[in-house]
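Visitor: I'm new to this one, and I'd like a close look at a single part: the nonpolar core. Could you take me through it and then through what lies around it?

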Amino acid sequence: MAGRFGTPAYVYDLDRVAAARDDLFAALPDEVEVFYAAKANPHPELLRELRAGGCRAEISSVGELDAALRAGFPGDRILYTGPGKTTEELAEALTRGVRLFSTESPGDLRRVGETALRLGLTADCLLRVNNATGAAATGIRMTGVPSQFGFDSETLPALAPELRAVPGTRVAGLHFFPLSNAKDEASLIAEFRHTVATAAALQQALGVTFRFLDIGGGFAAPYAVQGTRPVYRELRDALARTLDEHFPGWRAGAPQVACESGRYLVADSGTLLTSVVNVKDSRDHRYLVLDAGINTFGGMSGLGRILPVSVEPHESVGTDGTPASLAGPLCTPGDLLGRGVPLPALAPGDLLTVPNAGAYGPTASLLMFLGRPAPAEIVVRGDGLVSVSRIEHTRTYDHGQAL
């Protein structure tokens, strides 16, 4: 299927993207908007599929901005986030139609305002909240500790006069992202309840009537392991009741409420195909050397977010049962996708698949390390081929210089 690009290769199924999108919309009240976090996978075909189904885009760079605009998102359907927004990046975003920004600190808010003023514009700004407490069990807790992300919730009330008066900005509301990959639906509901109650208290303390409230995500999905994406059956009614209690006008858009998701929307759409390059035994330990490594997948494995992956032979092969470490092709001992993985007997040329690999793939990997070619990315819709592409590594010289 990878054609002239060979392996490694990712295969993304747009039908799976659409199914995840529809499941997430069904799990939320009709009035709640959904932002797709482009960092999960900025492939243009996936972005287009999510836009066509009603998602908005959440970005954190001008590269993601360009991808979202090319996929058809208008600037006014984009939220620009992140702790390191430079003046140049802000100017490009504002010039290209973005008007909604999540800000992390007074300095970040002032930088947005100064840039908007120079362009004769006013930016709507959300204050990202680093909440002092949380409610859910999760693998990755994003709040409650010192962080580059967000205003500490306990300091916001005292900052209110300063934040309301920043020229070039309007405080439009709040942005929360307290967790990633909630353990279960009860934990997710508890976190949303906590977030909404905190937002209502901060609205009163800030003296601002919110026009927009992004309550974050935490929607779970299996990632590079076997499993199925959960379907949330209780969340819709539970979230509506919580919003009714704390923001009585939310159904009429006062404020407009939004959630955001990355992995839930795209993780189970993708499968990584990788070939065995070599089988090596070293001191009673077997290594399968693959053509996919941390430059292709698992670049964040050092953070403990990926290992171990699940792999399966693409076709039936002999049995052996010797556990093996899955090594990539890079010249570093850190290039491992798994340790002690039980597999049948394999030989060079055999094909393995990694499931649920549609999120945090090529663009979340060490793509440029050692200069190896990027993996192919194949997009299908059911049995039909949509596109085959590969990211190219190029160097651009300033002022037309060349070696």
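Guide: Let's go straight to the largest nonpolar core, which has 102 residues; F101, L174 and F219 are the ones that touch the most other members. The biggest contribution comes from helix α7, residues 185-206, which puts in eight residues. Keep in mind that you're looking at a predicted model.

Pick out F219 and look at what surrounds it. Setting aside its neighbours within four places in sequence, F219 is in contact with a long list of residues, among them L24, L28, L188, F192, Y232 and L235. The list isn't purely nonpolar company, though: N181, E260, S261 and R263 are also in contact with F219. There is a second core too, separate from the big one, made of seven residues, including F35, L79, L126 and A258. As a general background, nonpolar side chains tend to be buried together in soluble globular proteins.

Now step back for a moment to see the whole chain. It runs to 403 residues, and 52% of them count as buried. Its secondary structure comes to nine helices and 20 strands. If you take the contacts with a separation of 6 or more, 71% of them are between residues 24 or more positions apart. The accessible surface comes to about 17300 Å², with 51% of it belonging to carbon and sulfur atoms.

A good place to see how burial works is helix α4. What's tucked away there? L90, A93 and L94 are buried in α4. Looking down the axis of α4, the buried residues fall within an arc of 95°, so they line one face of the helix. The general rule behind this is that an α-helix has 3.6 residues a turn, so residues three or four places apart point the same way. Over on the other side of α4, E88 and T95 are exposed. As for what the buried residues pack against, that's α3 (62-70), β4, β5 (100-103), α5 and β6. Just after α4 you'll come to G97, which has a positive phi, near 105°.

Charged residues can end up inside as well. Just before α4, in the loop between β4 (78-80) and α4 (87-95), sits K85. K85 forms a salt bridge with D108, and their closest N and O atoms are 2.8 Å apart. D108 belongs to helix α5, residues 106-118, and the two partners are 23 residues apart, so this pair links distant parts of the chain. Are they buried or exposed? D108 is buried, with a relative accessible area of 3%, and K85 is buried with a relative accessible area of 3%. In general terms, side chains of opposite charge can pair when their charged atoms come close.

Another such pair is E33 and R56, whose side chains meet in a salt bridge at 2.8 Å, N to O. E33 is in strand β2 (residues 33-37) and R56 in strand β3 (residues 56-59), and here too distant parts of the chain are linked, 23 residues apart. Both E33 and R56 are buried.

Compare that with R170 and D124, a salt bridge with its closest N and O atoms 2.8 Å apart. R170 lies in strand β9 (residues 169-176) and D124 in strand β6 (residues 123-130), so the pair ties together parts that are 46 residues apart in sequence. In this pair, R170 is partly exposed, with a relative accessible area of 42%, whereas D124 counts as buried at 14% relative accessibility. A search of the whole structure turns up 21 salt bridges. Some of them join into a network that links D15, R21, D22, E49 and R381.

Let's finish on the outside. L366, F369 and L370 make a nonpolar surface patch of about 240 Å². One of them, L370, lies in the loop between β18 (351-354) and β19 (376-381). L370 counts as partly exposed, at 41% relative accessibility.

Last stop: V277, in strand β13, residues 270-282. V277 is partly exposed, with a relative accessible area of 48%. Not counting residues up to four places away in sequence, V277 touches V289, L290, D291 and P348. Its C-alpha atom is separated by 9.6 Å from that of A292, which is 15 residues apart from V277 along the chain.

How values were computed: Residues are numbered from 1 along each chain as its sequence is written. This is a predicted model: local features need pLDDT of at least 70, side-chain atom pairs count only at pLDDT 80 or more; totals for chains, interfaces and linings use all residues. Side-chain values use heavy atoms; hydrogens and water are left out. Patches are made of residues with over 30% relative accessible area and no salt bridge: like charges are joined within 9 Å, nonpolar side chains (Val, Leu, Ile, Met, Phe, Trp, Tyr) within 5 Å. Accessible areas come from the Shrake-Rupley method with a 1.4 Å probe; for residues, only the protein chains shown count as cover. A salt bridge is a side-chain nitrogen of Lys or Arg within 4 Å of a carboxyl oxygen of Asp or Glu. Helices (H or I, at least four residues) and strands (E, at least two) are DSSP runs, numbered from the N terminus. Buried means under 20% relative accessible area, exposed over 50%, partly exposed in between (1.4 Å probe, protein chains only). A nonpolar core is a set of buried Ala, Val, Leu, Ile, Met, Phe, Trp, Tyr and Cys residues joined through side-chain atoms within 4.5 Å. Contact means heavy atoms within 4.5 Å. The arc is that of the directions from the helix axis to the C-beta atoms.
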